[in-house]
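Q: I have a protein model open and would like to go through it step by step. Can you help me read it?

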Amino acid sequence: MRLTAAQALVRFLAQQYVERDGVEHRFFGGCFGIFGHGNVAGIGEALYESPELLTYYQGRSEQGMVHAAVGYARMRNRLGALACTTSIGPGATNMVTGAAVATVNRLPVLLLPGDVFASRRPDPVLQQLEDPSAGDDSVNDCFRPVSRYFDRIWRTEQLMPAALQAMRVLVNQAETGAVTLAFPQDVQAEAYDYPDDFLRKRVWRIPRPLPDEAGLAEAVALIRASRRPLIVAGGGVIYSEASDALRRFCEQTGIPVGETQAGKGSLPFDHPSALGAIGVTGTFAANRLAAEADLVIGIGTRWSDFTTASKTAFRNEGVRFVNVNVADFDAAKHAGLALVGDARATLERLAALLDDWSVDDGYREEAARLNAEWDAEVERLYTLAHGPLPAQSEVLGAVNDASAPTDVVVCAAGAMPGDLHKLWRTRDPKGYHVEYGYSCMGYEIAGGLGVKLAAPERDVYVLVGDGSYLMLSSELVTAVQERVKLTVVLVDNHGYSSIGSLSRSLGTDGFGTQYRYRRDGSLGVDSEQRDDHLPLDFVANASSLGAVGVRARSIAELREALEAAKAEPRTTVIVVEVDRYEGVPGYESWWDVAVAEVSDSPSVRAAREAYEAARQDERSFV
Ligand SMILES: Cc1ncc(C[n+]2csc(CCOP(=O)(O)OP(=O)(O)O)c2C)c(N)n1
Ligand SMILES: [Mg+2]
């Protein structure tokens, strides 16, 4: 079929399907795009000519489009994705941050940045970077380290192998992440006779690989020999739809579970084996059992420093790790016994091999008791009745109360991810969506849009700080345009409160973290009581973008506004001011943030001393 390369790509994408457990879906749910000279007449023309092939979504910012695609892919458990097309130059590089979000979180997105003329005829074109020493460099080379696969389509026929490689990586549960096909604008528009074979329907089967029997036998022996084993459930449990298998495994063996950010929701919050969040933002329940665990079974986790409390969480002298992971890269971490395989299939196999074994009753009861004690702490923080401004934890409590079990809470950066990790009562494996692999400010609203596009039947609650909102809230307009309803709760604490409290703990007094006017040459520090916050009106801002803007002056007003938002078909932004200094404490955990080794400031010197002492507890696990 004689098609332009762009037309062929769009036809190809529309014909890609995935199948897991006998259920088949189309892989691409559409294509986000912002047009410029680098794609308007290529991919833009192809989408215009055949709108039935791929739904076109118009973005506000290229970064926001990729966030939406990331949210979509995560909500679809990596079995669905969106493509993103941009012009060349700034439109393209605006996607680099989004690419990193996708790749760090191991979520599939297909990026199609336009690129400079392959022919080089009109060089330098508008927005072209000229490298005097390399004619084949363009700004799109920035995508290489943040993509799991990168190619540039120099020739029309080269589209075919590139598109097939792109699909191989996108659907590969171990490899997936951002896939970038840089697409020179002249090649997009050039025609070629594409064979029918390239354009036929293609179904990619998503396997559930099992670790080898010898590895399983070794793991079973380690589990049988352990007295205080602990599971750390990561995002892989959710993506593999392994939460039921995990619950059965825990009920059978009595092994309790701590959850990472991506793994939160692996067990419902009130399950007796659920210890909740683990690590820096963990509960005392999980962190106490982690400290004593003699065997740690990581399932689908990449062992970030937040999960391991910078390698201080696991203090038992002889602790060993067993890592169930579809990616051998992650399975090998912490010198663990690597069980390379799918989470669900591996859990089912382990359950069969351990059907006569369980932890002792005392340990089982200890976990259940800790679960109940932790929930009492959640209740306390949900109902602090702090004044005059409420505490953030009360806001989370109100949103948790207002939301249905299958609704989704979305967040990414600031103080809320940690508080949500600790306090959110998760009742459904897909109910908790905090992007904490890259913790990218500005993900919240755009990511929430992607979640809602993937799961229109669920209500989506986006929790966003004032800082994140100011960084990237423009996809609100896309939500309005698509009549996609989000309920956004904007927590206003006049700046970067999370970094403010981190700064105070490291001796630098919240410097540079408040939204204030400059006075006497300075923006001030936290110990200086000033009341000259910037005159930001987020209610007016949200309303001006077409959302319903509402101010809540108390928790009671917030509850009313949340109820009103349920009945409202449009996107609502509820703005609530909280007490910046009333944070949720940490629970028996530590995070390694490097402190200045020399400083004129006595508070920094004191922080450095404490830092050096705390670092003594860091372990290497090699
Ligand atoms: C894009 C990006 N820039 C910087 C950071 C570092 N950072 C983490 S939280 C934070 C402040 C966030 O402010 P806000 O959204 O108001 O949340 P709060 O800390 O007040 O809860 C910053 C600057 C980040 N995570 N992402
Ligand atoms: Mg803030």
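A: What follows goes through the metal site, the ligand, one helix and some backbone details. This is a predicted model, so local features need pLDDT of at least 70, side-chain atom pairs count only at pLDDT 80 or more, and totals for chains, interfaces and linings use all residues. Residues are numbered from 1 along each chain as its sequence is written, chains are lettered from A and ligands numbered from 1 in the order in which they are written, and side-chain values use heavy atoms, with hydrogens and water left out.

Q: Which protein atoms are the donors of the magnesium ion (ligand 2)?

A: D466 through OD, N493 through OD1 and G495 through O, at 2.0 to 2.1 Å from the ion. Donors are N, O and S atoms within 2.8 Å of the metal (3.2 Å for Na, K and Ca); water is not among the atoms, so sites may look incomplete.

Q: How are those donor residues spaced in sequence?

A: The pattern is D-x26-N-x1-G. D466 belongs to helix α20 (residues 466–471), while N493 is in the loop between β21 (487–492) and α22 (497–505), so the pair, 27 residues apart, links distant parts of the chain. Helices (H or I, at least four residues) and strands (E, at least two) are DSSP runs, numbered from the N terminus.

Q: Is D466 buried or exposed? And what about N493, buried or exposed?

A: D466 is buried, because its relative accessibility is 1%. N493 is buried too, at 7%. Buried means under 20% relative accessible area, exposed over 50%, and partly exposed in between (1.4 Å probe, protein chains only).

Q: Moving on, which residues come nearest to ligand 1?

A: Of the 15 residues around ligand 1, the nearest are S439, D466, G467, G495 and S498. A residue is near a molecule or strand if one of its heavy atoms lies within 4 Å of it.

Q: What polar contacts are there with ligand 1?

A: Among them is one from a polar side-chain atom of D466, 2.7 Å from an oxygen atom of the ligand. D466 is also a donor of the magnesium ion. A backbone N or O atom of G495 is 2.8 Å from an oxygen atom of ligand 1, and a polar backbone atom of M441 is 3.3 Å from a nitrogen atom of ligand 1. A polar contact is a pair of N or O atoms within 3.5 Å; within protein, one must be able to donate a hydrogen and the other to accept it, and residues adjacent in sequence count only if both atoms are side-chain atoms.

Q: Which element gives the most to the shell around ligand 1?

A: Helix α20, with 4 residues. The elements giving two or more residues are α20 and α22.

Q: New topic: how many residues of helix α1 are buried?

A: Helix α1 (residues 5–14) has 9 of its 10 residues buried, including L9, V10, F12 and L13.

Q: Where are the cis peptide bonds you have for P124 and P388?

A: One runs from D123 to P124, with omega near -10°, and P124 is in the loop between β7 (109–115) and β8 (149–152). Another joins G387 and P388, with omega about 0°; P388 is in the loop between α16 (361–382) and α17 (392–402).

Q: What is phi for R120, and for F621?

A: Phi of R120 is near 65°, and phi of F621 is near 45°. Most residues other than glycine have a negative phi, and most peptide bonds are trans. R120 is in the loop between β7 and β8 and is partly exposed, at 33%. F621 is in the segment after α25 (602–615) and is buried, at 13%.
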